[in-house]
Amino acid sequence: MDEQQFVGLLEALLQPDTEGVKSATATLNKQYYTSPASLNGLLQIICNHPKPELRQLAAVEARKLVTKHWAGLPAEQKATLRNQICQFTLNEEMTLTRHSAARVIAAIATQDFEDGEWGDLPAFLHQAATSTNARHREVGTYIIWTTLETVGDAFPGKKIDLYNLFSSTIKDPESAEVRVNTMLALSRLAMLLEPDEEPKELALFQDSIPGMVAVLQATVQEGDEDHALQAFEVFQTLLGCESALLQKHFADLVKFMIELGSNTEVDDDYRSQALAFLMQCVRYRKLKVQGLRIGEELTLKALQIVTELGDLASEDEDVTPARSALGLLDILASSLPPSQVVIPLLKALGGYFSSQNPDYRQAGVLALGMCVEGAPDFIATQLHEILPAILHLLEDSDLKVRGAALNGVARLADDLAEDVGKEHATLIPAMIKNYDLAVNNLNDERSLQIVRGSCHAIDSLIEGLDPEDAALYVSELVPRFSKLFHHEDLKTKVAAIGAVGSIASASEQAFLPFFEQTMNALSQYVTIKDSQEELELRGVVCDSLGKIASAVGAQPFEPYVMPLMQASEEALHLDHPRLRETSYILWSTMAKVYEEGFEKFLEGAVKGLRDCLEQDEDAELVELGEQAQDLIGSEVVIEGRKVKVAAATDDDDDDSDLNEAAMDADDDWDDIAGVSAVAMEKEIAAEVLGDIISHTKSAFLPYLQNTIEKLLELVDHNYEGIRKAALGTLWRTYATLFQLAETDGMAKWQPGLPPQVDPPADLKKLGNLVMTATMAIWQDEMDRGTVTDINRDVGSTLKLCGPSMLMSEKGTVVPEMVQQLLAIITKRHPCQQDLGDDDDGDVLDESSEYDWLVIETAMEVVTCLSVALGPAFGELWKAFEKPIVKYASSQEHIERSAAVGTIAECVGNMGEACTPYTTNLLKLLVHRLSDEDPETKSNAVYGIGLLCEKTTSDAEILNSLPTIFSKLEPLLDAQDQARLLDNTAGCVSRFISKHPDKMPIAEVLPRLIQLLPLREDYEENKPIFSMIVKLYQANEPTIQQATPTLMPIFEKVLSPPEDQLEDETRAQLVELVKYLQK
């Protein structure tokens, strides 16, 4: 080997000459790197060359060649090289070169340990790590860390020896690097530790935690940024390991981070890191945090930190403690029960809203906005107090407080559209007033913020209004906002265009007078493409035009469809993910508007969506080398997404990204990995396919097989959004094909197994594939949102398609499904455990609203199973009765209501099979007739009526009649609770129908007729009018006398809305009216 040329070529790689670098690289690869001698040459350069930059480069290159050539070197030469590189690394002055050389040692150790060689390396490293020379200790601990990182369990010797070593190096008196290297090495041991199998190691690791906290504390106090960030990363990594590792010190660690995050004397970067750690704690150690009951402290500390936000209008989007605190509040509200987050927050807000300091008023309303999404049900019950306070803040003297109040309205309306929408008459004028005051001064960024905030708030709020209410504001809002369609500020233009789309969507036909002028104003933006800003604007315009199309309908929109669809297909090739997503969503909207008429666009749409689903997700990983050195730390736009540029990370980086390494080593971390832009695009594409299939129906059949195959490939994708969307679309496809088969003559399904109606072979095969995929995901899914959606998909398909979907090639999936549902209802499912936990902890009584949603939707599947199985469900109720009845006596009204509703529906669906359970269910339902919660009470009334109708234990029911009626009597006064009264009428009707001879009809019937017509729960019209028809057929005297009162009631229920009566009941009633008119 020509050593001189070899060195010359390496030096050429360091020159700022692109062509020279390419030429040198090619020569090295072809002529030198094919031989083991090149590795020897590189190792000699590392150890002996005078230029540090060349030593550094040689180390980077050598590490790549170790796996290829180390085994090919003679044994004696290897022994010499091992000794040389170890001695060199110990004494190298340059940190970066030292670290790169250490990684070469780790690479060689990986090869040697596999071959049973270099057995004396651990002893050498131990000696270095305990040397009196601080540099040697730094090198020793660094090599131990990087070697553990590479070889894992293959590291020779006993782990206990390492723990003993680390117990001293973590307290190194001179070197922060030794202490931090020790932490990094401990985090690698943590990933290898199996707590159940290695209790001694677990105890040693737990004992090391206080020392690790002390290291972090010291780096923060000394302002040692690089080491502090590495220490924070270690603690983030430990959250992804077995939960037992942190268990002993978890409470102290959380308290330490709370104090650090709240301490205004500490640098903001460290505070933000501490808050980020707390966010991960709440997300992945939710049950531990809830069990510690520190949610309230976290909430109030975070609220206090938000007061540091300053001016929200500032364009600076850097991570700050205040922004991190808002993120923490968001996660707290969605992860912990309201008693620990939302209730203490609301108690504290009074003082914030009335504070003299505008920073506090702003913080209060922003914090509230962040918590709505996590606890909408609870916040809905408090709107009577919240909205007056927000109205007051909309008139605040401080501009930024008004801006925050507008943000608060938007967030409340996003999650509670109907509830907040009821107050439109006070909220919308207040927002228009803010808009009008600000729109006169559009040169000022703070005024622009108010204008945009008003648009966003109205955009969110108006979607919750009925068309007739939204119509009241069209002529006030559209002329105002349309003036901004051509404003020079992109964000303002976007806000106005988005708001007009939502106004159209909400007001429907009332938007028609403004339809043409809006289309003319916006059409010019449909094809713009000369900059990122233009593409951004084009996407928003297409969103709004889709909403306008759904508002005005197919006919008026027809002239605009073709150019819009052409533009949406072109948008797929403009390298802008947001714009591609907009095209997919537009196709979904157009499919809903035109249904089978969308057929002419199907070929292009299906091709676009299929191309999206077939994208390679790794293709977007962009490697930026030396040339990007000047971009480090800045943001560049790649394919329409902002990407932060980091330094090149081969091994010339002295702080290895521990989290990345952790993800390689530990499957638990798969869920925490970042989600790529391509993955999010695929999620939308998969959802849109569901919309298109269910609306275009048979027109989609030519594309079906290929689409199903692609979706089945995606159901176990590592991003939960794609898993969710793929399964959801597969079930919608099955339901659509089932309905098509019924339209083509297949008989209506009947409850029970085996199925009495045999679907076509293709449909059975699809059902089998989708159910198999679903069961595989359902049992191990860690993401609670995905489990909630699977529950919804399975439940709604069962209700629509009946029992045939429960059959597989191996028989029925019912036993397996019952196990899944019981696991969820008893809070033992993987999605209800902390990351890294086994299912053996205590079950906590309280739930966050999202946690409850998983259970509530599982109960809905139980109900739908009873619909599909009918009387055969009676046997399954044995398994479900105890856990569901337990919720019926919960402290939480929402849990009692859901459980009692589930019991009632199951009784109705299983018919006479409820008889063996009559005693227990009757006792429970009678007790719940006195519940303080109107919904629970209403469900109990409904359940009692069904139990009376279905059970054959008539004597038991009749014995309880006096008690039941004594509890029903007071309910008749609840005039403000329409559903309760409707259910009471239905319940009494069922009693009369079942036992006409045992009921005091002359007393009961007149009271019942006073409750008619029903106001809300039209389902109960069936038992009521069925009973009335029976009494007329029996010539019952009380009903004969009531005819003059009943005739106007009959007229009302036979008039619109049509959904008051089912077809069968309507036919019976029409016959009765004809008879009475004779």
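**Exercise 1. A helix with a bend**

At which residue does α11 bend, and by about how many degrees?

*Solution.* Before we start, note that this is a predicted model: local features need pLDDT of at least 70, side-chain atom pairs count only at pLDDT 80 or more, and totals for chains, interfaces and linings use all residues. Residues are numbered from 1 along each chain as its sequence is written, and side-chain values use heavy atoms, with hydrogens and water left out.

Step 1. Find the helix. Helices (H or I, at least four residues) and strands (E, at least two) are DSSP runs, numbered from the N terminus. Helix α11 covers residues 199-221.

Step 2. Look for the bend, which is the angle between axes fitted to the seven residues ending at a residue and the seven starting there. α11 bends by about 30° at Ile-209, and a proline, Pro-210, follows within four residues.

Step 3. Check the length. The expected span is 1.5 Å times one less than the number of residues. For the 23 residues of α11 that gives 33 Å, and the end C-alpha atoms are 34 Å apart, which agrees.

Step 4. Look past the end: just after α11, Gly-223 has a positive phi of about 65°.

**Exercise 2. Rings in pairs**

Work out how the rings of Tyr-142 and Trp-145 are arranged.

*Solution.* Step 1. Recall the rule. Rings of Phe, Tyr and Trp (its six-membered ring) pair if their centres lie within 6.5 Å; planes under 30 degrees apart count as stacked, over 60 as edge-to-face and the rest as tilted. The structure holds 19 aromatic pairs.

Step 2. Apply the rule. The ring centres of Tyr-142 and Trp-145 are 5.2 Å apart and the planes stand at 90°, so this pair is edge-to-face.

Step 3. Place the pair. Tyr-142 and Trp-145 are three residues apart in helix α8 (residues 134-151), so about one helical turn separates them. An α-helix has 3.6 residues a turn, so residues three or four places apart point the same way.

Step 4. Check the burial. Buried means under 20% relative accessible area, exposed over 50%, and partly exposed in between (1.4 Å probe, protein chains only). Tyr-142, at 1%, is buried, and Trp-145, at 0%, is buried too.

Step 5. Compare with another pair. Phe-235 and Phe-277 are also edge-to-face, at 6.3 Å centre to centre with 80° between the planes. Phe-235 lies in helix α12 (residues 225-238) and Phe-277 in helix α15 (residues 268-284), so this pair ties together parts 42 residues apart in sequence.

Step 6. Add a charge. The charged end of Arg-103 sits over the ring of Trp-145, 5.4 Å from its centre (the rule asks for NZ of Lys or CZ of Arg within 6 Å of the ring centre and within 35 degrees of the ring normal).

**Exercise 3. Two unusual loop residues**

Decide whether Glu-508 and Lys-827 are buried, exposed or partly exposed.

*Solution.* Step 1. Glu-508 lies in the loop between α28 (490-507) and α29 (512-523). Although not a glycine, Glu-508 has a positive phi of about 55°. At 36% relative accessibility, Glu-508 counts as partly exposed.

Step 2. Lys-827 is in the loop between α40 (814-825) and α41 (849-869). Phi of Lys-827 is near 60°, again positive in a residue other than glycine. With a relative accessible area of 13%, Lys-827 is buried.

**Exercise 4. Cis peptide bonds**

Find where Pro-1013 and Pro-1057 sit.

*Solution.* Step 1. Leu-1012 and Pro-1013 are joined by a cis peptide bond, with omega about -5°. Pro-1013 is in the loop between α48 (1001-1010) and α49 (1021-1033).

Step 2. Another cis peptide bond joins Pro-1056 and Pro-1057, with omega about 0°. Pro-1057 is in the loop between α51 (1043-1054) and α52 (1063-1077).
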